[in-house]
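Please open the structure in your viewer and set it to a cartoon view, with side chains ready to be switched on. The stops below suggest what to select, one after another.

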Amino acid sequence: MPLIIKGNHIDGERTSVCVPVTAKNRDELVPIVARLIRRGVKMIEWRIDCYEDHEDFENVRETLFMLRRFTDEVVFIATLRTEAEGGMAKLNGEALLSYYKAIAQTHCADIIDVEYLSLGDNLKEAVDMLHANGALVLLSHHDFKKTPEDVKLSGLFYDMYEKDANTLF
């Protein structure tokens, strides 16, 4: 079933272009996002882990609310990439789960990107919790060394599918 957010189809049949924003602070972030929207970008990913204050969730929360005021017509993805998957966040386990939940409870992001390997056996519970808090969930996986063989990749996607995320990347 296709995922349609703000008129944008995210269904695997159409090409979706998402622009990641890795600004270090609010003074950089807000003008970049505003400029992307003015230029007609339909999907924006905020890489929260690149934000120098990403460990201060109250600051992140305020920034999410600020961004929400002008992202009402674009798909807005919130991503907190951990070091294990090529990002800058040092969170894991319960702390990471709490962070995702806090993002969901703001209702500012259209989708929350959750790393497939980040929560281990608690992943399905995390997806269910995020859904219960009104969030759509994108499960993502990154292997920077190689592309897995077809059989392994199929198994990986099947397992990701079993977690009931709204979309997979």
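This tour begins with the whole chain and then moves to selected residues.

**The whole chain**

Keep everything in view at the start, bearing in mind that this is a predicted model. The chain holds five helices and eight strands, and, followed from the N terminus, its elements run β-β-β-α-β-α-β-α-β-α-β-α-β. The radius of gyration is 15 Å, close to the 15 Å that the globule rule gives for 169 residues, so the chain is as compact as a globular protein of that length. Along the principal axes, the C-alpha atoms fill a box of roughly 45 × 35 × 35 Å, and 44% of the 169 residues count as buried.

**Helix H5**

Next, select residues 150-162, which form helix H5. At 1.5 Å a residue, these 13 residues should span 18 Å, and the end C-alpha atoms are indeed 18 Å apart, which agrees. Just beyond, pick Asp164, which follows H5 and has a positive phi, near 70°.

**Asp110 and its surroundings**

Now select Asp110, in the loop between helix H3 (93-106) and strand E6 (111-115). Is this residue buried or exposed? Asp110 counts as buried, because its relative accessibility is 12%, under the 20% cut-off. Show its side chain together with that of Arg68, and you will find a salt bridge of 3.1 Å, N to O. Asp110 lies in the loop between H3 and E6 and Arg68 in helix H2, so the pair ties together parts that are 42 residues apart in sequence. The side chain of Asp110 also reaches the backbone nitrogen of Phe76, at 2.7 Å, and among the other residues that Asp110 touches are Ile5, Lys6 and Leu136.

**Arg26 and Glu62**

Turn then to Arg26 and Glu62, whose side chains meet in a salt bridge at 3.5 Å, N to O. This pair links distant parts of the chain, with Arg26 in helix H1 (residues 26-38) and Glu62 in helix H2 (residues 57-68), 36 residues apart. Both ends are partly exposed, Arg26 with a relative accessible area of 23% and Glu62 with one of 41%.

**A network of salt bridges**

Finally, select Glu45, Arg81, Asp113 and Glu115 together, since these residues are linked in a network of salt bridges. Within this group, the closest N and O atoms of Arg81 and Glu115 are 3.4 Å apart. Arg81 counts as buried at 6% relative accessibility, and Glu115 counts as buried at 0%.

Technical notes
Residues numbered from 1 in each chain as written. Predicted model: local features only at pLDDT ≥ 70, side-chain atom pairs only at ≥ 80, totals over all residues. Heavy atoms only, no water. Helix = DSSP H or I, 4+ residues; strand = E, 2+ residues; numbered from the N terminus. Buried < 20%, exposed > 50% of the residue type's maximum accessible area, 1.4 Å probe, protein only. Polar contact = N/O pair within 3.5 Å; in protein donor to acceptor, adjacent residues only side chain to side chain. Contact = heavy atoms within 4.5 Å. Expected span 1.5 Å × (residues − 1). Rg over C-alpha atoms; globule rule 2.2 N^0.38 Å. Salt bridge = Lys/Arg side-chain N within 4 Å of Asp/Glu carboxyl O. Lists of a residue's contacts leave out its neighbours within four places in sequence.
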